[in-house]
Amino acid sequence: MADYKGVLICGELIEGKVTTTTKELISTGRKLSDGLNQLLSLLLIGQNLQEVADEAISLGVDKVYIGDGVPYAESLPERYVAIISNVCKQIEPFIILFGQTDMGRDIAPRLAARLRTSVCMDCVELTIDPDTRSLLQTKPVYGGNAVAVWASENYQPQVVTMRPRASAPAEPDTSRKGEIVPVTVKVDDSKIKCKLLETVKEEVKGIKLEEAKVIVTGGGGIGGSEGFQLIKELAQILGGTIGITRVPCDEGWMPKSLEIGQTGHIVSPALYIAVGVSGAPQHLAGCSGSKCIIAINKDPEAHIFKEADFGIVGDYRKALPSLIEKCKALFAI
Amino acid sequence: MNIIVCIKQIPDPEIPPAKFKLDIESKRVIPPEGIPPVINPYDEQAVELALRLKDKYGGKITVLTVGSDAASNIVKHALSMGADQGIVLNDKAFEDSDSFSTAYILSQAIRKIGDYDLVLCGRQAADWDEGLVGSIIAENLGLPLVTLAEAIDVPDGELSVKQVTLEGYQVIAVPIPAVVTVSNEVGRPRLPSGWGIISASQKQIPVWSASDLDADPSKIGASAARRKLIKLFIPVRERKCEIIEGETEAEASVKLVDRLIKAGVI
């Protein structure tokens, strides 16, 4: 067996900067490489990467591999699988880390199959077992009803994806030193079978969910798209933004880009107000990191009350208008 | 368009968390009493997407599942929705297979069926929440793959797949045959029709074993698993909810704001 060493993060960029999720991976990756006493590397693909590579080094990366190419969001996943598997075959890392993002969800499974190795998706904790030196992979299962810890002792490299917001992002320290190494990201075009026809970004006006301090979320209990007027109004007064659960998304009441939960955004605002939300673990997976959770629901037995800090049992149509009035008076709008 | 849909039977993911029980010793989920297992909801949406394609372009839908005798129930469900035939892949040697082994078993069955244009899988199974099997099947069969599809069209003999992204979507052209995993944005699957239920009940559901699939024993079952389950537990809930009482919802809302100010939240 080859000598697999170190941790390689497959990083992601947004507007030429590393994403928050990548910063979280750097802090997790740093702990893992310190536990193994091996190097932490980061792979970045994009254009003009010198500055962002320096930033990554200040965040704790020992070695940044930079490849000149199109960022993931504008590229074809098939191409990225080919690029990353080529890079991994050269570098032979022991651990390959992704975020549980569009890229991680798509690339990690195929990469593991291609490298004939193991993969664990959507981990919330990764540690090195001090005795066996194997990677312990903790992940929620059964929609969050249970948590499983896995190890894959006989397989290298080990591919894992990490849930966003499961760890704190790495903090910069400009005294850190590291190395920047260019890599080739050329792939055999004859092997690319798909063709990217269109990339559409549905612009969400206002505050991004991941950065919002206050989020008001409407669930299936809202009953239709009209009810979201109240949700929007409350969010606006509190200086926040709105989210939805899967029901309003699947029913087409509201756009998918607002969905919070296992199959949507993962958020951690200071205040999370869940209105007409039953509290399925699959939704809570996306918001349980919030500092304060408030639940408003007609059903006193709704599971959301088990996960909230404050609750009102009642009809949101009656509760929200007075909540809005009171907040308006408070913030003197 | 001949479509193969891979489906899985799982414990009902909609059960209230209070009914969710584990056997910590054996690291297994205890099936909830009186609540029968169901077709994985994401797989049901894959069946729905297959039916939409069949409605538009014609062809035949075959559903495949790796499971025990009881798994024929979900095959029947897919047939009653409108799928044409179903096969259960059942062998003692398949038990406790991981995603790689399951994908291998399904790939062998897909090879055996041979005549297909498209393989559909749900984006993930709502039990272990991995989202691996479809992608591994594509790698095994050397087929192009698109994950997390919301819609598929077939203009000019090629697939045009709308892939959901966190902030929008991509449209990808894919040559046939291909593997596509299906996301929940497909929406609500159709209900079985009365006629569908009757015709499904009359259909034979063949069972294929490891030898029918010419399956390599080193690639299936618990011994082939690439990961070992060390521990399975129910997470501790840390929050304690303070219910704000009031004569009316309006009164409770006003009290809530005061309480939040006192707690320093707003």
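# Why those labels? Chains A and B under questioning

Chain B and chain A bury about 7200 Å² between them, with 58% of that area on carbon and sulfur atoms. This is a predicted model.

Reader: OK, which residues of chain B supply the biggest piece of what it buries against chain A?
Author: B:E167, B:R227 and B:R239 supply 12% of the area chain B buries against chain A, more than any other three residues. As for the contact itself, 78 residues of chain B touch 86 residues of chain A.

Reader: How many salt bridges does the rule find across the interface of chain B and chain A?
Author: Eight of them. Over all chains, the count by this rule comes to 32.

Reader: What makes A:K256 and B:E185 a salt bridge?
Author: The closest N and O atoms of A:K256 and B:E185 are 2.7 Å apart. The cut-off is within 4 Å, for a side-chain nitrogen of Lys or Arg and a carboxyl oxygen of Asp or Glu, so a pair that meets it gets the label. A:K256 with B:E185 therefore counts.

Reader: And what makes A:K328 and A:E233 a salt bridge?
Author: Their closest N and O atoms are 3.7 Å apart. Since the rule asks for within 4 Å, A:K328 and A:E233 qualify. This pair links distant parts of the chain: A:K328 sits in helix α9 (residues 316–330) of chain A and A:E233 in helix α5 (residues 228–237) of chain A, 95 residues apart.

Reader: Why are α5(A) and α9(A) called roughly parallel?
Author: They pack at an angle of about 25°, with their axes 10 Å apart. Angles under 35 degrees count as roughly parallel, and α5(A) and α9(A) are therefore put in that class. The crossing of α5(A) and α9(A) is left-handed.

Reader: Which residues meet where α5(A) and α9(A) pack?
Author: From α5(A) you get A:L230, A:I231, A:E233, A:L234 and A:I237, and from α9(A) come A:Y316, A:R317, A:L320, A:P321, A:L323, A:I324, A:C327 and A:K328. The residues of this contact split into 10 nonpolar, no polar and three charged. A:E233 and A:K328, the salt-bridged pair, are both in that list.

Reader: What makes α3(A) oblique to α4(A)?
Author: The axes of helix α3 (residues 77–91) of chain A and helix α4 (residues 102–114) of chain A cross at roughly 50° and come within 9 Å. Under 35 degrees would be roughly parallel, and roughly perpendicular starts at 65. An angle of roughly 50° fits neither, so α3(A) is oblique to α4(A). The crossing of α3(A) and α4(A) is right-handed.

Reader: Which residues of α3(A) and α4(A) meet?
Author: A:P77, A:E78, A:Y80, A:V81, A:A82, A:I84, A:S85 and A:C88 in α3(A) face A:M103, A:D106, A:I107, A:R110, A:L111 and A:R114 in α4(A). By class, that contact has nine nonpolar, one polar and four charged residues.

Reader: Over in chain B, why are α2(B) and α5(B) oblique to each other?
Author: Helix α2 (residues 72–81) of chain B and helix α5 (residues 194–202) of chain B pack at about 135°, with their axes 7 Å apart. Roughly perpendicular runs from 65 to 115, and roughly antiparallel needs over 145. About 135° falls in neither range, so α2(B) and α5(B) are oblique. The crossing of α2(B) and α5(B) is right-handed. The contact is made by B:K76, B:L79 and B:S80 of α2(B) together with B:G196, B:I197, B:A200 and B:S201 of α5(B). These contact residues come to three nonpolar, three polar and one charged.

Reader: Where are the cis peptide bonds at A:P157 and B:P177?
Author: The bond from A:Q156 to A:P157 is cis, with omega near -10°, and A:P157 lies in the loop between β10 (146–151) and β11 (158–162) of chain A. In chain B, the cis bond joins B:I176 and B:P177, with omega about -5°. B:P177 is found in the loop between β11 (168–174) and β12 (178–182) of chain B.

Definitions and conventions:
Residues numbered from 1 in each chain as written. Chains lettered and ligands numbered in written order. Predicted model: local features only at pLDDT ≥ 70, side-chain atom pairs only at ≥ 80, totals over all residues. Heavy atoms only, no water. Axes fitted to C-alpha atoms, helices over the stretch in contact; angles between N-to-C directions. Helix = DSSP H or I, 4+ residues; strand = E, 2+ residues; numbered from the N terminus. Left-handed = near helix turned anticlockwise from the far one by under 90°. Contact = heavy atoms within 4.5 Å. Nonpolar A, V, L, I, M, F, W, Y, C, P; charged D, E, K, R; others polar. Buried area = accessible area lost by both parts, 1.4 Å probe.
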